[in-house]
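Me: I want to learn to read this structure feature by feature. Where should we start?

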Amino acid sequence: MASAKSRRARSLLGRRWFAVAVLVLVGLLYYRPLHDYFSSRAQRASRAAEVVKYQREKKELERKIEQASSAAAVAAQERLLGYIHPGDQLVIVKDIQQWRRRQNASRHGHR
């Protein structure tokens with residue numbers, strides 16, 4: 001009778017080890033696909049955040065372009081570049097250093 005019990009125990013122990021081996025095999029087979037899935041999910045979230053960031057930057061740049069191309073901004077840039085508009089009067093200033101000396105002298109009471 002002891003031999004029948006030991007056979008059943010061995011058989012049960014063998015089945016348990018087989019079940020553990022099957023579970024380990026299934027775990028090994030599913031590891032890589034699950035790893036890839038979670039990795040791609042994290043990348044997708046990162047890319048989505050980048051898209052939102054770039055959309056904000058695009059809107060800001062479009063706003064800056066709109067402001068820079070307004071009539072007032074263009075006129076200010078033209079003034080900086082020295083363009084003269086029709087109807088503007090050109091004034092040429094010569095010898096600014098001499099003028100500054102005279103201004104300083106008149107402020108200090110030397111005329």
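Reply: Start with exposure. Buried means under 20% relative accessible area, exposed means over 50%, and partly exposed lies in between (1.4 Å probe, protein chains only). By that scale Glu 60 is partly exposed, at 33% relative accessible area. Keep in mind that this is a predicted model: local features need pLDDT of at least 70, side-chain atom pairs count only at pLDDT 80 or more, and totals for chains, interfaces and linings use all residues. Residues are numbered from 1 along each chain as its sequence is written, and side-chain values use heavy atoms, with hydrogens and water left out.

Me: What share of the 111 residues counts as buried?

Reply: The share is 0%. The accessible surface of the protein chain is about 10900 Å², and carbon and sulfur atoms hold 60% of that. Such areas come from the Shrake-Rupley method with a 1.4 Å probe; for residues, only the protein chains shown count as cover.

Me: How do I read the overall dimensions of the protein chain?

Reply: Use the radius of gyration, taken over C-alpha atoms, with a globule rule of 2.2 Å times the number of residues to the power 0.38. A compact globule of 111 residues would come out near 13 Å, but the protein chain has 43 Å. Along the principal axes, the C-alpha atoms fill a box of roughly 135 × 40 × 15 Å.

Me: How many helices and strands does the protein chain have?

Reply: Helices (H or I, at least four residues) and strands (E, at least two) are DSSP runs, numbered from the N terminus. Here there are three helices and zero strands. The order from the N terminus is α-α-α.

Me: What span should helix α3 have, at 1.5 Å a residue?

Reply: The expected span is 1.5 Å times one less than the number of residues. Helix α3 covers residues 96–107, which is 12 residues, so 16 Å is expected; the end C-alpha atoms lie 17 Å apart, in agreement.

Me: What should I look for in phi around that helix?

Reply: Look at the sign. Most residues other than glycine have a negative phi. Asp 95 has a positive one, near 50°. Asp 95 sits in the loop between α2 (71–81) and α3, and is partly exposed at 44%. Just after α3, Gly 109 also has a positive phi, of about 90°.

Me: How many salt bridges does a search of the whole structure find?

Reply: A salt bridge is a side-chain nitrogen of Lys or Arg within 4 Å of a carboxyl oxygen of Asp or Glu. The search finds three. Lys 58 pairs with Glu 62 at 3.8 Å, N to O. Glu 60 pairs with Arg 63 at 2.3 Å, N to O. Asp 88 pairs with Arg 79, with the closest N and O atoms 2.9 Å apart.

Me: Why are Lys 58 and Glu 62 about one helical turn apart?

Reply: Because they are four residues apart in helix α1 (residues 2–68). Glu 60 and Arg 63 are three residues apart in helix α1, so they too are separated by about one helical turn.

Me: Which exposure class do the other salt-bridge residues fall in, such as Lys 58?

Reply: Lys 58 is exposed at 52%, while its partner Glu 62 is partly exposed at 41%. Arg 63 is partly exposed at 37%. In the Arg 79 pair, Arg 79 is exposed at 52% and Asp 88 is partly exposed at 32%.

Me: Which residues make the nonpolar surface patch?

Reply: Patches take residues with over 30% relative accessible area and no salt bridge; like charges are joined within 9 Å, nonpolar side chains (Val, Leu, Ile, Met, Phe, Trp, Tyr) within 5 Å. This patch, of about 930 Å², is made by Phe 18, Val 22, Leu 25, Val 26, Leu 29, Tyr 30, Leu 34, Tyr 37 and Phe 38. Tyr 30 lies in helix α1 and is exposed at 53%.

Me: What is Ala 68 in contact with, beyond its neighbours within four places in sequence?

Reply: Contact means heavy atoms within 4.5 Å. Ala 68 is in helix α1. Its contacts of that kind are Ala 73 and Val 74. Tyr 83 is 15 residues from Ala 68 along the chain, and their C-alpha atoms are separated by 17 Å.
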